[in-house]
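Please open the model in a viewer and keep the sequence panel visible. The tour below proceeds by selection, with a short account of what is found at each stop.

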Amino acid sequence: MEGLTFLELAKQVLEEEKKPLSVDEIWTLAKSKGYDQLLRGQGKTPWASLAARLHVNVLDQKDTAFATVGTRPKRFYLRGQWSDSELRSLESGQIEPLSI
């Protein structure tokens, strides 16, 4: 894993965790695993860049690997990892999201 983009970083974390995560959770886990050091460019607020890339990708790309569930915080997951019934349970609070 050399020279990751923000989307590649998010995909790696989501593949490993196998649950919907907020941008803050994705970034915290990525930092704890050292993936932030593998980014091609970070800038001053890499967590904000990660959030922007994910949100724009979901909105603009029909064939994106990412999807969202919930609001405040919106959580991202990889398409195909969760069934519709599992996502409804998550939104209704029957499945607890990861707390960091």
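Is E16 buried, partly exposed or exposed? At 31% relative accessibility, E16 counts as partly exposed; buried means under 20% relative accessible area, exposed over 50%, and partly exposed in between (1.4 Å probe, protein chains only). The model is predicted: local features need pLDDT of at least 70 and side-chain atom pairs count only at pLDDT 80 or more, whereas totals for chains, interfaces and linings use all residues. Residues are numbered from 1 along each chain as its sequence is written, and side-chain values use heavy atoms, with hydrogens and water left out.

**Whole chain**

Begin with a cartoon view of the entire protein. Four helices and three strands are present, where helices (H or I, at least four residues) and strands (E, at least two) are DSSP runs numbered from the N terminus. Along the sequence they follow the pattern α-β-α-α-β-β-α. Of the 100 residues in the protein, 35% are buried. Among contacts (heavy atoms within 4.5 Å) with a separation of 6 or more, 54% are between residues 24 or more positions apart. A surface representation would show about 6,200 Å² exposed, 47% of it supplied by carbon and sulfur atoms; these areas come from the Shrake-Rupley method with a 1.4 Å probe, and for residues only the protein chains shown count as cover.

**Select E16, E17 and K33**

Show these side chains as sticks. A salt bridge here is a side-chain nitrogen of Lys or Arg within 4 Å of a carboxyl oxygen of Asp or Glu. A search of the whole structure finds two. In one, E16 meets K33 with the closest N and O atoms 2.6 Å apart. This pair links distant parts of the chain, as E16 belongs to helix 1 (residues 6-17) and K33 to the loop between helix 2 (23-32) and helix 3 (46-60), 17 residues apart. In the other, K33 and E17 have their closest N and O atoms 3.1 Å apart. K33 lies in the loop between helix 2 and helix 3 and E17 in helix 1, so this pair ties together parts that are 16 residues apart in sequence. The three residues E16, E17 and K33 are thus linked in a network of salt bridges. K33 is partly exposed, with a relative accessible area of 34%, and E17 counts as partly exposed at 23% relative accessibility.

**Select helix 2 and G34**

Which residues of helix 2 are buried? They are V23, E25, I26, W27, L29 and A30. These buried residues pack against helix 1, strand 1 (21-22), helix 3 and strand 3 (75-78). After helix 2 comes G34, whose phi is positive, near 80°.

Now isolate E25, which is found in helix 2. E25 is buried yet has no salt bridge, and the nearest side chain of opposite charge, R75, is 5.7 Å away; Lys and Arg count as positive and Asp and Glu as negative, while His and the chain ends are not counted. The side chain of E25 does, however, reach the backbone nitrogen of S22 at 2.8 Å.

**Select the three strands**

Where does each strand sit in the sheet? The sheet is open, has three strands in the order 1-3-2, and shows antiparallel pairing. Strand 1 and strand 2 are the edge strands, each pairing on one side only. Two strands pair if DSSP finds at least two bridges between them; strand 2 (residues 66-69) and strand 3 pair in the antiparallel sense over four bridges. To follow the register, label F66, which stands opposite L78 in strand 3, and T68, which stands opposite F76 in strand 3. Strand 2 and strand 3 form a hairpin with five residues between them, and G70 in the turn has a positive phi of about 75°.

Next pick V69, found in strand 2. At 3% relative accessibility, V69 counts as buried. From V69, the C-alpha to C-alpha distance to S22 is 9.5 Å, although the two are 47 residues apart in sequence.

**Select N57**

The final stop, N57, is in helix 3. At 13% relative accessibility, N57 counts as buried. Which residues does N57 touch, not counting residues up to four places away in sequence? They are L7, T64 and F66.

Conventions. A polar contact is a pair of N or O atoms within 3.5 Å; within protein, one must be able to donate a hydrogen and the other to accept it, and residues adjacent in sequence count only if both atoms are side-chain atoms.
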